Every structure is written in C-alpha cells, then in structure tokens.
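Please look over the model shown here, with attention to its interior and to its bound ligand.

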Amino acid sequence: MEKRLSGQKALVTGANSGIGAAVAQRLAAEGADVVINWLFNEDATREVAEKINKAGGGKAIGIKADVSNEEQVDAMFKQMFKEFGTIDILVNNAGIEIHNLLENMSKAEWDKVIGVNLTGNFLCSRAAVRQFLKNENRPHSRSRGKIVNISSVHQVIMWAGFSSYCATKAGINLFAQSVAQEYAEKKIRINSVAPGAIKTPINQNVWSDPKGMADLMTKMPYGRMGEVEDVAAAVAFLSSDEADYITGTTLYVDGGMCLYPEFRFGG
Ligand code: NAP
C-alpha cells in the first residue's frame with residue numbers, strides 16, 4: 001500500500017470498533033503512528049492495536065478517554081504528545097445514537113448524544129488545533145494539521161426517531177466549516193466524511209435481519225451496504241497531501257443514499 005502518511009501522528013476517537021478501527025488500521029498501513037481512543041472495550045482495543053503493530057506499518061497505542069469529558073480529553077492529548085511528540089491527523093469518529101420520539105426523549109438522552117457526538121468533536125478538535133498551531137516544519141505534510149470528522153448522511157437526511165443524532169451530525173457540518181474558515185490561513189484543513197449505511201455493530205439490528213436489509217436496499221442505489229474500508233479509504237485520502245487543497249467540505253460515502261432513491265422509478 002502507498003505510504004502517504006509516513007512519519008505522521010494520528011488520533012482516532014472510538015477506534016476499537018467499526019469504522020474507527022478500520023480508519024486506524026488504514027492510517028497505520030499508510031505509515032502513520034496511531035492512537036486508538038476507546039472508552040468501554042479494552043479487549044477490542046488491544047486486538048486492534050496488536051493487528052496494527054504486527055502489520056509492520058505505523059505503530060499503535062490505546063488511550064482511554066470519554067470524548068465528552070473535558071479533563072479526560074485533555075489528558076488523552078497530553079499522553080499522546082508524551083508518546084508521539086505531536087499530532088498531525090485527528091479523526092473525530094466516536095459517536096452514538098439513541099432512538100426515541102421527541103415526546104418521550106429525556107434530557108439525559110439528549111445530553112448524552114450531544115455530549116459524545118458534538119461536544120466530543122469540539123473538545124478533541126480544540127485540543128488538536130492548539131497543537132497544530134505549534135507544528136512547524138512537519139516534513140511529511142504540506143499542512144500543519146488535518147481534522148476529518150465522521151459525520152453521516154444524517155447531516156442532511158432527516159431521520160424520525162433519531163432527531164438528537166441528526167442535530168449532532170448537522171451541527172458537526174457547520175461547526176467544521178466555520179473552524180475550517182478560521183484556520184485555513186494557518187494551513188490547517190478540516191473536512192468531514194459522511195457515511196451512508198456501513199456494516200458495523202451500531203446497525204447490527206438492520207443487517208442481521210433480512211427484512212431490515214430488504215428495506216435498506218430500497219434506499220441504496222448502489223445495491224450494497226458500505227464496508228468500513230470504504231470509509232477508511234476516504235479518510236486516508238482527506239488526511240493526505242493529495243487533498244491538500246481541500247478544506248471545509250464533506251465527502252459523502254453513501255452508495256448514492258443522498259440521491260433521492262425513490263425517484264429512480266420516475267417522479
Ligand atoms: P460503533 O461500531 O458502535 O463504534 C462506536 C465507537 O465509539 C466505539 O469505538 C466506542 O468505543 C466509541 N465511543 C462511544 N462513546 C464514546 C465516548 N464517550 N468516548 C470515546 N469513545 C466512545 O459505531 P460505528 O458504526 O463504527 O460508528 C462510528 C461513527 O460513524 C459514529 O460517529 C457514527 O455516527 C458514524 N456513522 C456510522 C454509520 C454506519 O452506518 N455505521 C453511518 C453514518 C455515520 P467503546 O466501545 O470503547 O465505548
């Protein structure tokens with residue numbers, strides 16, 4: 001595999017599972033040393049780190065932190081800088097969804113989703129940007145630092161029962177674009193990848209049920225669920241110098257989910 005990220009230091013939040021694990025493996029395969037952030041599942045973290053360290057690309061370490069907690073996020077970055085010296089790439093991937101209709105949604109449920117998906121993005125982005133601004137003469141990258149957010153097609157597609165999730169993903173979009181505007185002149189790039197339906201534990205209830213899959217395929221012009229590697233490839237591209245002139249945008253990795261699939265059969 002091409003080593004577009006050799007010598008770079010990356011942190012991927014929520015990287016012991018699903019999309020985050022694939023992203024961490026891809027960035028390491030392209031030469032980056034990677035922090036695998038996790039919260040609950042230490043065994044899964046160890047497995048992902050072992051795979052990366054055996055593969056012979058960049059090396060991996062796990063760091064536990066709840067991305068919605070300011071002290072824990074700051075401590076995680078401090079530990080990363082102690083181990084790796086700095087950060088070149090932040091991937092804000094950790095995310096959760098809680099199903100509920102508005103009339104039944106508790107404030108605790110709302111706060112939880114906003115806390116992990118949106119406040120977590122803010123806290124990690126702030127910590128990364130503070131360090132990017134200190135990055136001088138990074139020989140392996142044309143920019144001082146890159147952030148890639150794992151957003152969702154639900155930054156633009158409304159989703160009944162998941163209004164809190166949609167609010168966070170739409171929020172990430174304009175937050176990311178605003179900070180991309182703030183830091184472009186400092187040579188810091190901030191972009192998002194918006195996956196459609198990617199086969200991971202988060203949506204196991206859909207892909208493990210034939211009826212759920214049949215329904216999903218009606219929303220999927222490309223005719224298959226996405227794989228985690230589809231998303232990882234997009235993140236690696238946006239993190240690399242090949243995307244050096246790209247900032248403040250969203251790359252949809254969704255098999256055409258945003259293409260108004262109902263209209264395939266006429267309007
Ligand atoms: P997943 O397999 O459930 O993984 C979620 C990850 O987030 C886990 O590593 C989990 O770590 C971590 N996490 C949860 N709460 C955390 C917290 N407070 N602090 C730190 N880490 C935390 O989900 P996924 O499908 O890969 O989703 C990853 C991202 O992609 C999410 O932002 C999701 O919204 C987005 N996305 C997914 C899809 C899809 O179809 N799968 C589509 C669009 C967008 P622990 O297990 O250690 O808690």
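The questions below take up the nonpolar cores and then the ligand of this predicted model.

Q: Which residues have the most contacts inside the largest nonpolar core?
A: The largest nonpolar core has 33 residues, and the elements that each supply at least two of them include strand 1 (9-12), helix 1 (18-29), strand 2 (33-38) and helix 8 (228-239). Apart from this core lies another, of 26 residues, among them Leu123 and Ile190. Within the largest core, the residues with the most contacts are Leu27, Val193 and Val235.

Q: Which residues is Leu27 in contact with, leaving aside its neighbours within four places in sequence?
A: Contact here requires heavy atoms within 4.5 Å. With its neighbours within four places in sequence left aside, Leu27 is in contact with Leu5, Ala10, Val12, Ala32, Val34, Ile89, Val91, Val235, Ala236 and Ser239.

Q: Which residue has a side-chain N or O atom 2.9 Å from a nitrogen atom of the ligand?
A: Two other polar contacts involve ligand oxygen atoms: a backbone N or O atom of Gly14 lies 3.0 Å from one, and a side-chain N or O atom of Lys169 is 3.0 Å from an oxygen atom of the ligand. The side chain that lies 2.9 Å from a ligand nitrogen atom belongs to Asp66.

Q: What percentage of the area that the ligand exposes when taken alone does the protein bury?
A: The shell around the ligand divides into 17 nonpolar, 13 polar and two charged residues, and helix 1, strand 2 and helix 5 (163-183) each give two or more residues to it. Taken alone, the ligand exposes 900 Å², and the share of this that the protein buries is 91%.

Notes. Residues are numbered from 1 along each chain as its sequence is written. This is a predicted model: local features need pLDDT of at least 70, side-chain atom pairs count only at pLDDT 80 or more; totals for chains, interfaces and linings use all residues. Side-chain values use heavy atoms; hydrogens and water are left out. A nonpolar core is a set of buried Ala, Val, Leu, Ile, Met, Phe, Trp, Tyr and Cys residues joined through side-chain atoms within 4.5 Å. Buried means under 20% relative accessible area, exposed over 50%, partly exposed in between (1.4 Å probe, protein chains only). Helices (H or I, at least four residues) and strands (E, at least two) are DSSP runs, numbered from the N terminus. A polar contact is a pair of N or O atoms within 3.5 Å; within protein, one must be able to donate a hydrogen and the other to accept it, and residues adjacent in sequence count only if both atoms are side-chain atoms. Accessible areas come from the Shrake-Rupley method with a 1.4 Å probe; for residues, only the protein chains shown count as cover. Ala, Val, Leu, Ile, Met, Phe, Trp, Tyr, Cys and Pro count as nonpolar, Asp, Glu, Lys and Arg as charged, and the others, Gly among them, as polar.
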